[in-house]
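Here is a quick tour of a protein model, from the overall fold down to one small piece of it. Have a look at the structure, then read on.

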Amino acid sequence: MKEYTAEEMNEIFVARRLRLGKYLEENNVCAAVFVDNEEHRDASIRYYTGHTSDAVLAIFTDGYSILVPWDENLAKQNGHYDKLIPFTRYKNNAIDATKAILNLGYTHGINSKVELPPYLTYPEYLHYIDSLASYDCRCKEDGAFKFTVDSRMIKDEYEIQCTKEAARIGDLIIDKIEEQIKNGTIKTEMDVALLIERELRLNGCERAGFDTLAAGPARSFAIHAFPGYTSSDWPAQGLSILDFGVVYQGYTSDTTVTVAKGPLTEEQEKQLELVQKAYNECVQLYKKDNLISDVAKRADTIFAAEKRKMPHTLGHAIGLEIHEPPRVSPKTVDLKFKPGMILTCEPGLYDPEIGGTRLENDVLITEDGNEVISHSRIIRL
């Protein structure tokens, strides 16, 4: 992918903060506060600054930002902000840090109204408003936090390139897995999971997008097998599932491969064909201005015709988090596919006797259709 200079990266983050600042101004709010810690992870901080985790961030009406990171050295290396203050200055207390940075950045706002993050617990919120007595604190589900989440649904060019790179690396890993299945190198669920962990890091990724799910035929009936992988044979005769993602520069892929090792029963063959049919028909409908709910309903209709039911949604958006809105669900009312969205298409069926089948790829919505950016598949042996 394109190499971005530090100046270009800074421009990306400044533009994102200015959009939020404009929203705050339009809604007569001085500042929005975001908190990322072990109690609640918030990808907003990475979205607005590039800093990876554990910090307090305030963004004001004019887009001015003050970042208070726990790891000062890491923030200086990776972060983009207007002012940085070490968290240790406030004894690692998020409330004290919030009060201090609001006082410092007050002139960049328009009044005393402050939006606190909606994921605060009620006791936490009470502590905040006690400490911030001179501010008019709000905690809204439909405020600056939702604006940020909605903004993240439409990926900018940098985000698209990062996700494409994650998908490309995931494809390389899938190809290697298929090769090693066929030459006998991969024998167990653990073998495939550890291969993924090694290969993603060799290819410049940060981590897996989530715990890898490698389930042989005895466990593939579970949507998300628990535990994620064991020392059991993989793949064995029947239907095996592999669900994994890799993270490049913060952005994750999400793919699922089904390995069908014969001889298969008539029911297993029928399930494979049904999932492939649902995937083929639905992925073509991931297009600008199509209602998301209609596409989800199409998958349900295909399965219902054969008296089967998919126990999860058809897909979800991906980005800085593995599950982002929107969901590709019949319940996603009145929302249409828009250019810049990246969503999974992952029809699946599961049965304790037949086993599980899921086929999942990542789809970028474009102005004139879509681009399937990953290349997962059903592998037959």
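## The big picture

In this predicted model, 65% of the contacts between residues at least 6 apart in sequence join residues that are at least 24 apart. As for secondary structure, the protein has 10 helices and 20 strands. Its radius of gyration is 23 Å, close to the 21 Å the globule rule gives for 381 residues, so the protein is as compact as a globular protein of that length.

Here are some overall values for the protein:

| Property | Value |
|---|---|
| Span of the C-alpha trace along the principal axes | about 70 × 40 × 40 Å |
| Buried share of the 381 residues | 55% |
| Exposed area | about 17,100 Å² |
| Share of the exposed area from carbon and sulfur atoms | 49% |

Now the charges. There are 44 positive and 60 negative ones, and their mean positions lie 2 Å apart.

## Zooming in on a hairpin

Next, pick out strands β16 (residues 348-351) and β17. They run antiparallel, with 4 bridges joining them, and a hairpin of 3 residues links β16 to β17. One pairing to look for is Y350, whose bridge partner in β17 is G356.

Which way do the residues of β17 point? G355 and T357 go one way, while G356 and R358 go the other. That fits the usual pattern, because side chains in a regular strand alternate between the two faces of the sheet. Whichever way they point, all four of G355, G356, T357 and R358 are buried.

Methods
Residues numbered from 1 in each chain as written. Predicted model: local features only at pLDDT ≥ 70, side-chain atom pairs only at ≥ 80, totals over all residues. Heavy atoms only, no water. Helix = DSSP H or I, 4+ residues; strand = E, 2+ residues; numbered from the N terminus. Rg over C-alpha atoms; globule rule 2.2 N^0.38 Å. Buried < 20%, exposed > 50% of the residue type's maximum accessible area, 1.4 Å probe, protein only. Contact = heavy atoms within 4.5 Å. Areas by Shrake-Rupley, 256 points an atom, 1.4 Å probe, with all protein chains shown as cover. Lys, Arg positive; Asp, Glu negative; His and termini not counted. Charge placed at Lys NZ, Arg CZ, Asp CG, Glu CD. Pairing = 2+ DSSP bridges.
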